[in-house]
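Colleague: Could you take me through one residue and the contacts around it, slowly? I'd like to know how you judge each one as you go.

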Amino acid sequence: MSAPTRAAVPVNTNWVQPPAHRVTAPPSQVDSYLGVINALMLRDMRSRFSASYWGYLVQMLWPVAHVLVIVSIMAFRDMESPMGDSPLLFVASGAFPFLAFKYISREMMKGYNAHKALLWFPQVKRVDTMVARGAVEICSSFMGLGVVSFVLICLGVDPVPVDIMTAMTGYLTAILMGLAIGSFNVSLVAIFPFWMLMYIVIAIALYMTSGVQFMGCYLPERLYAIMKWNPLVHIVEWVRLGYEPNLPVTIDYVYIYCWIFSAFTVGFLMDRYIVNR
């Protein structure tokens, strides 16, 4: 007797076939570079005080505290403002362009030292550490400027300059000077590590002679002519000229941008032909 025949059951073979895998294109060089810069910036922000983002907030508010301390000293000594009627506006207009330069030029060196171990990775270059720390410091300077402007408004002082274009171009030039000197500092500190300590002394000397707490144009002419060799004097007066267009000052714009161009050129040439060897 023959075995009973079974009815043919249709088999769906679609589930047996493996799904097609998408082949993703590798990231472009621009995407890879931006990823490196983004990672370095986040690492910068976490490597400040207490190794958290709150430490970055403290770092951002540090220039604000600096301005308030100087104003408190002027109020304690009962000093009048040599420009306008507000000592707070006078100090802020001079301190913030200088502090923007100082922090950018100094922190770029510190950023290089903080990321030096990452240079063993082929994706990370010395210039990347400069770009990342410079971008973080530029953002910090503008956020600090916004906080100081808010404090001025709360104290009844109008922070808007008479000539906004003049004040902002002066402030942007201070940032550009910080980037230029910072690139030179990174190349130099890679060769001479003790340069970081020496630059602290140089920054103090620049601060004392840049006219942040006084108006150099009211000093004796010979002393003022010596001060003008400091390019930060021109930048501070440039910003203050936006608040008081009638100040008896002359800005040598060519001299300022010669400093910026020379610092960028020497810094990158040192990085290319000396440090890499």
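Colleague: Let's start with R126: at what relative accessibility does it sit, and does it count as buried or exposed?

Modeller: R126 has a relative accessibility of 14%, so it counts as buried (buried is under 20% relative accessible area, exposed over 50%, partly exposed in between, with a 1.4 Å probe and protein chains only). Bear in mind that this is a predicted model, where local features need pLDDT of at least 70, side-chain atom pairs need 80 or more, and totals for chains, interfaces and linings use all residues. Numbering runs from 1 along each chain as its sequence is written, and side-chain values use heavy atoms, without hydrogens or water.

Now for the partner. The side chain of R126 meets that of D271 in a salt bridge, 2.8 Å from N to O (a side-chain nitrogen of Lys or Arg within 4 Å of a carboxyl oxygen of Asp or Glu). R126 belongs to helix 4 and D271 to helix 9, so the pair ties together parts that are 145 residues apart in sequence (helices are DSSP runs of H or I, at least four residues, numbered from the N terminus). D271 has a relative accessible area of 9%, so this acid is buried as well.

There are five salt bridges by this rule. Another is E237 with K228, whose closest N and O atoms are 3.3 Å apart. Both of these residues, E237 and K228, are buried too.

For a contrast, look at K110 and E107, which form a salt bridge with their closest N and O atoms 3.4 Å apart. Here nothing distant in sequence is being joined: both residues lie in helix 3, three residues apart, about one turn of the helix. The two ends also fall in separate classes. E107, at 2% relative accessibility, counts as buried, while K110 has a relative accessible area of 36% and is therefore partly exposed. Nor does this pair stand alone, since R106, E107, K110 and R133 are linked in a network of salt bridges.

The ring contacts give you a similar contrast. The model has eight aromatic pairs (Phe, Tyr or Trp rings, the six-membered one for Trp, with centres within 6.5 Å; under 30 degrees between planes is stacked, over 60 edge-to-face, the rest tilted). Take F98 and F101: their ring centres are 6.1 Å apart and the planes make an angle of 55 degrees, so the pair is tilted. Like K110 and E107, F98 and F101 both lie in helix 3, three residues apart, or about one turn. Both rings, F98 and F101, are buried. Together with Y207 they make up one aromatic cluster.

W238 and Y253 also form an aromatic pair, this one edge-to-face, with 4.8 Å between centres and 80 degrees between planes. W238 sits in helix 8 and Y253 in helix 9 (residues 253-275), so parts 15 residues apart in sequence are tied together. W238, at 6% relative accessibility, counts as buried, but Y253 is at 37% and so counts as partly exposed.

That brings us back to where you started. Helix 9 holds D271, the salt-bridge partner of R126 in helix 4, and it also holds Y253, the ring that pairs with W238 from helix 8. At the salt bridge both R126 and D271 are buried, whereas in the ring pair W238 is buried and Y253 is partly exposed.

Methods:
Helix = DSSP H or I, 4+ residues; strand = E, 2+ residues; numbered from the N terminus.
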